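Hi,

Here is the structure I promised to send over. Have a look at it first, then read on for what turned up.

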Protein chains: 4
Amino acid sequence: MSDDLSSLIGKRIPMLDRGYVELQDVMPHPATGIRADAAIVASARVSFMGESKGEEADRKLIHYLMKHRHTTPFEHVVFTFRVHAPLVVWWQWVRHRSASYNLMSGRYIELPEDEYYTPTVWRKQSPSNKQGSLGELESEAGAALTQELIAHYERGHALYKQALAQGVAREQARLFLSGFAVYYTGYITQNLHNMLHFLKLRMADDAQHEIRLYAEAIYREFVKYIAPIACEAWEQYILMG
Amino acid sequence: MSDDLSSLIGKRIPMLDRGYVELQDVMPHPATGIRADAAIVASARVSFMGESKGEEADRKLIHYLMKHRHTTPFEHVVFTFRVHAPLVVWWQWVRHRSASYNLMSGRYIELPEDEYYTPTVWRKQSPSNKQGSLGELESEAGAALTQELIAHYERGHALYKQALAQGVAREQARLFLSGFAVYYTGYITQNLHNMLHFLKLRMADDAQHEIRLYAEAIYREFVKYIAPIACEAWEQYILMG
Amino acid sequence: MSDDLSSLIGKRIPMLDRGYVELQDVMPHPATGIRADAAIVASARVSFMGESKGEEADRKLIHYLMKHRHTTPFEHVVFTFRVHAPLVVWWQWVRHRSASYNLMSGRYIELPEDEYYTPTVWRKQSPSNKQGSLGELESEAGAALTQELIAHYERGHALYKQALAQGVAREQARLFLSGFAVYYTGYITQNLHNMLHFLKLRMADDAQHEIRLYAEAIYREFVKYIAPIACEAWEQYILMG
Amino acid sequence: MSDDLSSLIGKRIPMLDRGYVELQDVMPHPATGIRADAAIVASARVSFMGESKGEEADRKLIHYLMKHRHTTPFEHVVFTFRVHAPLVVWWQWVRHRSASYNLMSGRYIELPEDEYYTPTVWRKQSPSNKQGSLGELESEAGAALTQELIAHYERGHALYKQALAQGVAREQARLFLSGFAVYYTGYITQNLHNMLHFLKLRMADDAQHEIRLYAEAIYREFVKYIAPIACEAWEQYILMG
């Protein structure tokens, strides 16, 4: 079992056209043989100085904690992800202030020409939900739009390169770029409690499709395997509740 | 004196080509006649259940608190600013996780065509400081670059409008825009302790010029007037120290 | 209406035998004529750059925000309370990490002899809820217990005074005191979003009676008057939901 | 080398008369073979998408980060400690809001009679530092005071037991106890950046002796071994700087 979890460390899930999420580290680490659910239980049991009384009692305790929003025990499980995502996704992500972020900097480095998010499917504006999308553009019109997008990215990037060649500072030359589309790489460290809060908001129906893909990959490919009982309780009381 | 401070509420300082910072509110409010420095002192004195012993003693206490990093009393002074700034500035700002933000949403509204940051001066890449700038492009070359930038903004915006006209969702159509340049409006609420930390980092020499202008305006036009003794101590022990 | 709210500033509600909660300040301040609910709406409307469309539309927006857990607009309303409570209450309070605290220090000052919490009613241990109470001790037994408690407080305080007289440091001499009962004075600054979270947990049935009294006083005497629409929505979607 | 660090997990350092600190877990875990300093470097290098260029370059980068207060890379190293300490220590500890805490609860369990902090050395009040101590009581007077303290603890605990026997709720019966002296067990999870801030304040000369012992043990027995380069830089630029 712990072997299975070890294989999650360093596992990279491709996202969008050239993004990914990769589990960098987790505490407790699979190599220790300690399960995340067990770490939650251990910290919760300190309240009454009790010892674990077997798997079924542990499950009940985790369900009790989740149901009654005793959230602190879930803070002792911590994840680090390496994420590669366009700025339109990061722009929403970094608003979650409960995580630690380190991101690539467009001031330090020249942004590469092949690192733009290029959708192949174009979603239509939802008439009812002002911030959402509903349905898709037909494929021919979509393909044409994608071609125009690529051409616009290329024009912008060429101007960026030209400005850099003239000696303009990177921090300012990036004004030429199609900023929302630029891929950034970053590290995110967050505890399970705060991550579940992020996931609730960004796996929701009204979240933007792009960040939803990342949130769902984080949940379904990693968090759910690493803390299965906590996730089972979370789905029951918080996600569906 | 409190009349002077009242005039700061709602005062708008123009920034860059079409941005601004405006003090929306502050606690304690000038209308109460209570000075921010007095609120700091009042909360600090609760440690030893003491009363204020006059202005000179208050000044000494604030200097003592700042010098010895007793930071909590500075958390009881709270500011709300309304800020209009390009995304390149917000992208750095929102990384400060100790503030409360509400921002305009490019998912909710169509971004207007005349709301792009257009520099007239182009800074050159610093050879020594990899993330900074040094000196300026000569004015003729700069003017030409600005014209290219405006033309590129217009092309991108036209494509954005065209995509919207085809029914594409706003959240996705914005990929066409020169994202770093788009002006966003937002509310920022932050206490004095956390604001001074933000200001130290963003008024620094190595901060990007654009956000420095905002940080300096916040400090010199508002914070310094509202909490003059705390700012005097901060300059002495933290900014210069 | 704003006159009514102004009278809340400085209003002190007695708690337990010698405690109190007092509203020290609030942003927006009543003297400005701006209602807290209006500040919430103003910050939320920046998302779509909209203006207030009257009271009924504002109410609907606040309900929408609360129902869908769009919590950031509630962070721009900020309260400062001055609280006088026994350590048994503070011990639970300071675990809420989203507030700014300044407290009296038993290292700085000699703790006074008449500042102990002395209950007149003794609650019985709940048989079902391991952390709670149910029912009361009969009055005669209770009165006897209270007398023993007072006598024990006095013995402890006399030993504390004796240790101080011998030159022992206050920080160490306090080991003699009945620490849970000692009254501390403190300042608490917290925004509405975080305060409502605190209130949900500490107004709950399973919260300890003493802190529940404080939480309920804060809610019913202050917060509910200052942000009536937000509180109405909170009761509907969060407290009862 | 990684073997040495593995032996730190579960290592318990005795503190005061019956307390301890024990490293429960750390991310990155020694079993992974990844050093904490390497994790700091890896997250920092994402800024410029660079790879590690050997130990000396890594050391320089960490020194640069610490010197210029680029603090986020230090947030990806996370510790969990199990701590057993008297409330007088926890009372100060939990005021650090940047950690995750789970503590034993005096509402859930009956506090045991042999779990009181009993100093053998009594420190004298500092005449110059109002919140500190200087020198010690002579040993004979100190021994007598300790005997009085023990007797007072016993009287209080007997009254607590008597109240419980009468059916009084644990949450209220604890008023009889010498609360500052009661040992509590707790879990603390905190990242390296926030832990170093805690350590700076609590290893300082003016910190109370008891919490200083815990802070110094955490630093000298654990943190310093786990992140030696970060600690070397911290001592140079922050602790001594």
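Let's start with strand β3 of chain B and the way its residues point. Val78(B), Thr80(B), Arg82(B), His84(B) and Pro86(B) face one way, while Phe79(B), Phe81(B), Val83(B) and Ala85(B) face the other. That back-and-forth is what you'd expect, because side chains in a regular strand alternate between the two faces of the sheet. What may catch your eye is that the residues on both sides are all buried. β3(B) covers residues 78-86, and nine of the nine are buried, so the strand is largely enclosed by the rest of the structure. One thing to keep in mind all the way through: this is a predicted model.

Who are the neighbours of β3(B)? On one hand there is β2(B), residues 19-27, which is joined to β3(B) by seven bridges. On the other there is β7(B), residues 183-191, joined to β3(B) by nine bridges. Both pairings are antiparallel: β2(B) with β3(B), and β3(B) with β7(B).

If you want a residue to anchor yourself on, try Arg82(B). In the pairing with β2(B), it stands opposite Glu22(B); in the pairing with β7(B), it stands opposite Tyr187(B). Another pair to click on is Asp25(B) and its bridge partner in β3(B), Thr80(B).

Now zoom out to the sheet these strands belong to. It is an open sheet of five strands in chain B, in the order β1-β2-β3-β7-β4, with antiparallel pairing. Which strands stand at the edges? They are β1 (12-15) and β4 (100-103) of chain B; each has a single partner strand, so one side of each is left without a neighbour in the sheet. Going from one strand to the next, the twist averages 20°. There is a helix to look for here too: α7(B), residues 192-202, lies across β3(B) and β7(B), and runs at about 125° to β7(B).

Next, a whole chain. I'll use chain A for this. Chain A has 241 residues, and 51% of them count as buried. Its secondary structure comes to nine helices and seven strands, and its C-alpha trace spans about 65 × 45 × 30 Å along the principal axes. How much of the contact network links residues 24 or more positions apart? Among contacts in chain A with a separation of 6 or more, such pairs account for 71%.

Chain A is also divided into two domains. Domain 1 is made of two stretches, 2-103 and 182-239, and domain 2 is 123-181. The C-alpha centres of the two domains of chain A lie 32 Å apart. Where they meet, six residues of domain 1 are in contact with nine residues of domain 2. The domain 1 side of that meeting place has four nonpolar residues, one polar and one charged.

Finally, how do the chains sit together? Take chains A and D: 31 residues of chain D are in contact with 31 residues of chain A. On the chain D side, the elements giving two or more residues are β2 (19-27), α2 (36-45), β3 (78-86), β4 (100-103) and β7 (183-191). The largest share, five residues, comes from β7(D). By class, this side of chain D divides into 15 nonpolar, 14 polar and two charged residues.

You can lay chain D on chain A with a rotation of 180° and 0.0 Å of shift along the axis, and the RMSD is 0.0 Å. That is the relation of a two-fold axis. Also, 100% of the interface residues of chain D are interface residues in chain A as well, so the copies meet through the same surface.

Chain B tells a similar story. A turn of 180° with a shift of 0.0 Å along the axis puts chain B on chain A with an RMSD of 0.0 Å. Here too, 100% of the interface residues of chain B are also interface residues in chain A, so these copies meet through the same surface.

Which chains do not touch? Chain B and chain D don't, and their nearest C-alpha atoms are 9 Å apart. No contact joins chain A and chain C either, and their closest C-alpha atoms lie 9 Å apart.

Cheers

Technical notes: Residues numbered from 1 in each chain as written. Chains lettered and ligands numbered in written order. Predicted model: local features only at pLDDT ≥ 70, side-chain atom pairs only at ≥ 80, totals over all residues. Helix = DSSP H or I, 4+ residues; strand = E, 2+ residues; numbered from the N terminus. Buried ≥ 20, exposed ≤ 12 C-beta atoms within 10 Å, placed from the backbone. Contact = placed C-beta atoms within 7 Å. Pairing = 2+ DSSP bridges. Axes fitted to C-alpha atoms, helices over the stretch in contact; angles between N-to-C directions. Nonpolar A, V, L, I, M, F, W, Y, C, P; charged D, E, K, R; others polar. Least-squares fit on C-alpha atoms with pLDDT ≥ 70 in both. Domains from an automatic or database assignment.
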